[in-house]
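I opened this file to look up the ligand shell, the domain split and a few strand pairings. My notes are below the display.

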Amino acid sequence: MPAARANVLSVSGLTKTYGDVEAVRGVDFDVADGEVFGLVGPNGAGKTSTLKTLAGLLEPTSGDVVVNGYDVSDPEMRRTLGFLPEESPLYEDMTPRSYLRFFADLYDVDRETADERIASALDRLDLDVRDRPVGDFSKGMKRKVAIARSLVNDPEVLIYDEPASGLDPTTTNVVIEFTRDLAAQGKTIVFSAHDLHHVESVCDRVAIVADGRIAAKGTLAEIRADHGRVEYRVFTDVAVPDATEVEDGRYRTTVESMAGVDDVRERARAAGGDVVDIRTRESTLEDVFLAVTGGRE
Ligand SMILES: Nc1ncnc2c1ncn2[C@@H]1O[C@H](COP(=O)(O)OP(=O)(O)OP(=O)(O)O)[C@@H](O)[C@H]1O
């Protein structure tokens, strides 16, 4: 059995309130070294508040957040992580190169190392235009510059708030592939997303957040086992109670257990027909998401 990886990030009993609004109401999770952890949830669930707290930009109302061995209130902690905010305003007059050099200087990265990191990130993100002001850039190009910015200090931990939201499909793919690359290099990544397919394709573990709480958490297999269910679609050649006619003379009944399948078979035989096909369907992450969040998008 491989040795357990150390936790790089640990959140316990986190709450965040804004006046009367309880945005985060007791969130707990740990993220191991090199793991990709996804937060998904409907609008207003508390994802951004949680991520900004992890990045040291918001003070928790209560609870403990430890990143890379630092309490989140320790300014040193911020040097060890890279944060990509949901909206990242850039200095519009600067070129990507001058903008990214400016941030590298803030982290005391020497010029040669900074230029190597900047070129490598922009190459991998497919951003060729480097000498025009960022103000002329499309949303996708600006997002790539913001992603490169999160890497200038070569952080171990990356906190990305909806890295691919609002981007066209090509740019989305570049960003998702890039996130995968970072994971393959061993970075620890916590990110939020609306698109469940991104989460499914990139994350080792996921938390589904609703109303400031974690409604489900674990690997996709664990979440499915805890919250999902198996459906059996039983096809018969005669009508049985509760069946839907799917084509001429072929009926479908959906049940949730083998006993249910047997029941349909008995009824079909009693009606002079039989079961002609059975298909099983396991819950997808989307089914679980809709079930645990009460169907909110
Ligand atoms: N600065 C603030 N002042 C007051 N309320 C806030 C503030 N920031 C967030 N909220 C409220 O806190 C709740 C959680 O917001 P948050 O942005 O953390 O959710 P989210 O899951 O990231 O949503 P989205 O997917 O829409 O970005 C919402 O009800 C939001 O209106």
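The entries below follow the order in which I looked things up.

**Entry: model status.** I noted before anything else that this is a predicted model.

**Entry: ligand shell.** Which residues surround the ligand? I listed Tyr18, Val21, Ala23, Gly41, Asn43, Gly44, Ala45, Gly46, Lys47, Thr48, Ser49 and Glu86. I then sorted the shell by residue class and got four nonpolar, six polar and two charged residues. I also looked up which elements supply at least two shell residues, and found β2 (21-32) and α1 (47-54). Of the elements, α1 gives the most, with three residues.

**Entry: Lys16.** I located Lys16 in strand β1, which covers residues 7-18. Is Lys16 buried or exposed? I counted 22 other C-beta atoms within 10 Å of Lys16, and the threshold for burial is 20 or more, so Lys16 is buried. Beyond its neighbours within four places in sequence, Lys16 is in contact with Ala23, Val24, Ser49, Thr53, Leu58, Pro60 and Thr61. I noted that Ala23 and Ser49 also appear in the list of residues around the ligand. For a long-range reference I took His227, which is 211 residues from Lys16 in sequence and 27 Å from it in space, C-alpha to C-alpha.

**Entry: sheet with β1.** I traced an open sheet of four strands in the order β2-β1-β4-β5, with antiparallel pairing. Its edge strands are β2 and β5 (70-71), each of which pairs on one side only. I found nine bridges joining β1 to β2, and these two strands run antiparallel. As one bridge to inspect I picked Leu9, whose partner in β2 is Val31.

**Entry: Ile159.** I placed Ile159 in strand β7 (residues 157-161). Why does Ile159 count as buried? It counts as buried because 26 C-beta neighbours lie inside 10 Å. Not counting residues up to four places away in sequence, Ile159 touches Leu51, Leu54, Ala55, Leu81, Phe83 and Val190. Leu51 and Leu54 fall in α1 (47-54), one of the elements that supply the ligand shell. I also checked Tyr91, which is 68 residues from Ile159 in sequence and 21 Å away in space, C-alpha to C-alpha.

**Entry: domains.** I recorded the division into domain 1 (7-226) and domain 2 (229-292). Their centres, taken over C-alpha atoms, are separated by 43 Å. How many residues of each domain are in contact with the other? I found eleven in domain 1 and seven in domain 2. On the domain 1 side, α7 (196-202), β9 (205-210), β10 (213-218) and α8 (220-227) each supply at least two residues. That side divides into nine nonpolar residues, no polar ones and two charged ones.

**Entry: record annotation.** I pulled the UniProt annotation "domain: ABC transporter" from an unreviewed entry, where it covers residues 9-236. I computed 35% helix and 30% strand for this span, with its end C-alpha atoms 52 Å apart.

**Entry: strands β11 to β13.** I found that β11 (residues 230-236) pairs with β13 (residues 250-255) in the antiparallel sense over five bridges. Arg233 has Thr254 in β13 as its bridge partner. Strand β12 (residues 244-247) also runs antiparallel to β13, joined by three bridges. In that pairing Thr244 stands opposite Arg252. I noted a hairpin formed by β12 and β13, with two residues between them. In the turn, Gly249 has a positive phi of about 75°.

Methods
Residues numbered from 1 in each chain as written. Predicted model: local features only at pLDDT ≥ 70, side-chain atom pairs only at ≥ 80, totals over all residues. Near = placed C-beta within 6 Å. Nonpolar A, V, L, I, M, F, W, Y, C, P; charged D, E, K, R; others polar. Domains from an automatic or database assignment. Contact = placed C-beta atoms within 7 Å. Buried ≥ 20, exposed ≤ 12 C-beta atoms within 10 Å, placed from the backbone. UniProt positions renumbered as here; feature names shortened; annotations may be inferred. Pairing = 2+ DSSP bridges.
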